[in-house]
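Please read the following report alongside the sequence and the 3D structure. It takes up the spaces enclosed by the fold and then one strand with its neighbours.

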Amino acid sequence: MLRALFLLLACTGLLLSAGAQSQASRGSPVQRAERAQTLSYGTDPLQALDYWPGATEGAPLVVFVHGGGWSKGDKRMMHGSDKLRHWQAQGYAVASLNYRLVPDATVEQQAEDVAAAVALLKARLAPRRIALVGHSAGAHLVALVGTDPAYLRGAGLSFADIAGVIPLDGAAYDVAAQLGDGPRIMQRTYRAAFGADPARQAKLSPTIQAGAPDAAAFLILHVERDDGKRQSEALGQALRRAGAAAEVRAFAGKGLRGHMEINRRLGDPDYPATAVLDRFLAQVFGQAAD
């Protein structure tokens, strides 16, 4: 009796082991990291990123680029956020980037940093698809990387490597226009980032750079502030004229409070932008939306 029971348990264990090996061979579930893993993509201390693996090997990857007026901010703002929990619950891999900051670096170098970080993640994680999400100055940077092919090309990538770009309440998509009619309180920040040379300002303006080719799909989200609305709508129009898919969506929220809320609450199921972004990611990642 005991011998028969032992043989039954042994056979059951072998079957479970074989099933687990078969599942692993299909690239399904990987160990989920509760804490971020940190990688360097350059020699500067700020050329670093935190990432959390997805639910499966090769899971779609959401790359987040923080804001901070091109001169501050930190990748750690992703830690413990609704965004992280929400994207992890959907099985996505998630990364949050640091990049070199003005005035020690230029905006051009910041866009190079975003592209270099994506290249490292692509090589390390081999994700099926990659989406770039950025807030505020980060929104400008992901839009720039998604419209000027030089940045991805410099990192050995192309627009084919980017499934979607999601700028969150950015501005300075058209630098000269933002300097002309943007908030007075931000003018010094824009001058520090973009300088006074009109040619350089145009080169750093995603709205002006938008022209085939671009990344294939954009979801441009903004709250109800005048400059964000103008800049977002103009970027969407430029992208559509160039043949890219570009949706522009507005959400309640005014001034600085609304600007911060769209970043803080994204991922909260009760925040309207969350469902809009969910559908977009499902589409560009090739998954069925609810």
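## Cavity, pocket and a buried strand

The largest cavity is lined by K83, H86, W87, L266, G267, T274, L277 and D278. This description rests on a predicted model. Helix α2 and helix α12, the latter spanning residues 272-284, each contribute at least two residues to the lining of the largest cavity, and the volume enclosed there is about 40 Å³. The structure holds one cavity of 30 Å³ or more. Sorted by class, three residues of the lining of the largest cavity are nonpolar, three are polar and two are charged.

The largest pocket, in turn, offers about 550 Å³ of space. Its lining is made up of 26 residues, and those lying nearest the centre of the largest pocket are S136, M186, L256, H259 and M260. Helix α7 (187-194) and helix α11 (255-265) each supply at least two residues of the lining of the largest pocket, and the largest share, five residues, comes from α11.

The classes of residue in the two linings are set out below.

| Lining | Nonpolar | Polar | Charged |
|---|---|---|---|
| Largest cavity | three residues | three residues | two residues |
| Largest pocket | ten residues | eleven residues | five residues |

The report now turns to a strand and its partners. Strand β3, which covers residues 61-65, is mostly covered, with five of its five residues buried. In a regular strand, side chains alternate between the two faces of the sheet. In β3, L61, V63 and V65 point one way while V62 and F64 point the other way, and all of these residues are buried. The chain passes from β3 through helix α2 (residues 82-89) to strand β4, and this β-α-β crossover is right-handed.

Which strands does β3 pair with, and in what sense? With β4 (residues 93-97), β3 pairs in the parallel sense over five bridges, and in β4 the bridge partner of V63 is A95. Strand β5 (residues 130-135) is likewise joined to β3 by five bridges, and these two strands run parallel; here V62 stands opposite A131 of β5.

Helix α2 thus appears in both parts of this account: α2 lies on the path of the chain from β3 to β4, and α2 also supplies at least two residues of the lining of the largest cavity.

Conventions
Residues are numbered from 1 along each chain as its sequence is written. This is a predicted model: local features need pLDDT of at least 70, side-chain atom pairs count only at pLDDT 80 or more; totals for chains, interfaces and linings use all residues. Side-chain values use heavy atoms; hydrogens and water are left out. Buried means under 20% relative accessible area, exposed over 50%, partly exposed in between (1.4 Å probe, protein chains only). Helices (H or I, at least four residues) and strands (E, at least two) are DSSP runs, numbered from the N terminus. Two strands pair if DSSP finds at least two bridges between them. A crossover is right-handed if, with the strands pointing away from the viewer, the path from the first strand over the helix to the second runs clockwise. On a 1 Å grid over the protein atoms alone, a cavity is a set of points where a 1.4 Å probe fits but cannot get out, and a pocket is an open set with protein on both sides within 12 Å along at least five of seven lines; lining residues have an atom within 4 Å of a point. Grid points are joined across faces, edges and corners, and a volume is the space filled by probe spheres set on the points. Ala, Val, Leu, Ile, Met, Phe, Trp, Tyr, Cys and Pro count as nonpolar, Asp, Glu, Lys and Arg as charged, and the others, Gly among them, as polar.
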